[in-house]
Amino acid sequence: MILRTFGWAFGITVLGLLVAALYDGGTGLALVAVLAVLEISLSFDNAVVNAKVLDRMSPFWQKIFLTVGIAIAVFGMRLVFPLLIVGVTAKLNPYDAFDLALNDPHKYHHLMNDAYPMIAAFGGMFLLMLFLDFVFEERADKWLPWLEAPLQRIGKLDQLSVVVAGGSLAFTAGLFADDPGQVMIAGVLGMVTYILVNGLGELFSEATGEDDEDGDGEDAAGERAPARSGPSSLALATGKAGFFLFLYLEVLDASFSFDGVIGAFAISTDPIIIALGLGIGAMYIRSLTVFLVRKGTLHEYIYLEHGAHWAIGALAVCMLVSIGRHVPEWLTGGIGAGLIIAAFISSVVRNRTEGGAAAGAGEDKPLHSSKL
């Protein structure tokens, strides 16, 4: 199971480290290894959320996510995207941007830093919308009932996520941004992207007639269906609905990768080293996503999804604050990892408590009564 799921990641790791050693010797090897660990630590919550969405996709679209999607993640977001950002902000063509990255990495890093407020605003608002939609949605299971219950009650107010996110963007731009106008535009684009992908996913899932109409209610067997997050409530998305779930995952991965790409410059300014290190890390995140789906981990440890979304909320806040203040990468990674570990421990405690209660109830008191 481990070798079958992580085989590609192991292979890419060996290949990437070999290329790094040939490219820059022992120094390159060490830097790529550190960057890979950085990417994995910053994106573990991404794997949990990806797994929740991937579990609802048809086998075809799962394969697309794991083939085409990984190419986009590794080469598109970790290599091409920074070059495009520098090219747009410095008014350079892609070749000149790549030449600048190789021959003047310090200037390249400076240009990336100049563009960071807009990058952080876009990614931060996309992730914030995802987090708000989760905590405002009514669901049966609550990890932090003292906090989640009141949030779900006020979440009944229509479009509250948009109101809170828009207010947060205006506050952040006015307080931290050197150029509030550019930050506002980038943040609004992040919100629009989330709403558009979300709406298109729901539109095409309804068109196929495969909606989970019961939502968080009971399924056909009379058991409570798990709450679903993401752009639609589709069980096994196919066709256009599957495409928009795939698109949603790619934008989500892009939003998560922003902090890793920028944070990588604190370790190396060489774009080749950065692409190798972050690419290896992205492979492990993809493999971990598949592992979580195949093992049914999110169904067994029910609070993991909650912990991942709270970690997303923390990352969104850190990205918005980083528009005007430096936020250490270890802090964002540590908060995310801490929340997921806490959610995992809570899930284990819950399972043991419910297992003990079920055993004590005896055979005459089953958890779910059968329907004849």
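This report walks through a predicted model of one protein chain, from its overall make-up to a few chosen residues.

**Overall make-up**

The protein chain has 12 helices and 0 strands. From the N terminus on, every element in the run is therefore marked α. The chain counts 372 residues, and 49% of them are buried. About 17,500 Å² of the chain is exposed. Carbon and sulfur atoms supply 66% of that area. Contacts reach far along the sequence. Among those between residues at least 6 apart, 81% join residues at least 24 apart.

**Helix α3: two sides**

Helix α3 covers residues 94-103. Its buried residues are A97, L100 and A101. They span an arc of only 100° around the axis, which puts them on the same side of α3. A general rule helps here. An α-helix has 3.6 residues a turn, so residues three or four places apart point the same way.

What do the buried residues of α3 pack against? Their partners are α2 (59-90), α4 (105-135) and α9 (271-295). The face of α3 turned away from this buried side carries Y95 and N103, both exposed.

**The nonpolar core**

The largest nonpolar core holds 95 residues. Helix α4 gives the most to this core, with 18 residues. The residues with the most contacts inside the core are L127, L128, Y248, L252 and I323. Take L127 as an example. Beyond its neighbours within four places in sequence, L127 is in contact with L252, S255, F256, I312, L315, A316 and M319. L252 thus appears both among the best-connected core residues and among the contacts of L127.

**Aromatic pairs**

How many aromatic pairs does a search of the whole structure find? The search finds 9. A pair of aromatic rings is described by the distance of the centres and the angle of the planes. Two of the pairs are set out below.

| Pair | Centres apart | Angle of planes | Type |
|---|---|---|---|
| F6 and F291 | 6.0 Å | 50° | tilted |
| F126 and Y194 | 5.4 Å | 80° | edge-to-face |

The pair of F6 and F291 links distant parts of the chain. F6 sits in helix α1 (residues 2-54) and F291 in helix α9, 285 residues apart. F6 is buried, at a relative accessible area of 13%. Ring pairs also join F6 and F291 with F10 and Y284 in a cluster.

The pair of F126 and Y194 bridges two other helices. F126 lies in helix α4 and Y194 in helix α7 (residues 180-207), so the pair ties together parts that are 68 residues apart in sequence. Why does F126 count as buried? Its relative accessible area is 0%, and the cut-off for buried is under 20%. Y194 counts as buried too, at 1% relative accessibility.

**S322: a buried loop residue**

Where does S322 lie? It is in the loop between α11 (304-321) and α12 (329-361). Is S322 buried or exposed? S322 is buried, because its relative accessible area of 13% falls under the 20% cut-off. The side chain of S322 makes a polar contact of 2.8 Å with the side chain of Y116. Leaving aside neighbours within four places in sequence, S322 is in contact with Y116, A120 and V327.

Notes: Residues numbered from 1 in each chain as written. Predicted model: local features only at pLDDT ≥ 70, side-chain atom pairs only at ≥ 80, totals over all residues. Heavy atoms only, no water. Helix = DSSP H or I, 4+ residues; strand = E, 2+ residues; numbered from the N terminus. Buried < 20%, exposed > 50% of the residue type's maximum accessible area, 1.4 Å probe, protein only. Contact = heavy atoms within 4.5 Å. Areas by Shrake-Rupley, 256 points an atom, 1.4 Å probe, with all protein chains shown as cover. Arc of directions from axis to C-beta. Polar contact = N/O pair within 3.5 Å; in protein donor to acceptor, adjacent residues only side chain to side chain. Core = buried A, V, L, I, M, F, W, Y, C linked by side-chain atoms within 4.5 Å. Phe/Tyr/Trp six-rings, centres within 6.5 Å; stacked < 30°, edge-to-face > 60°.
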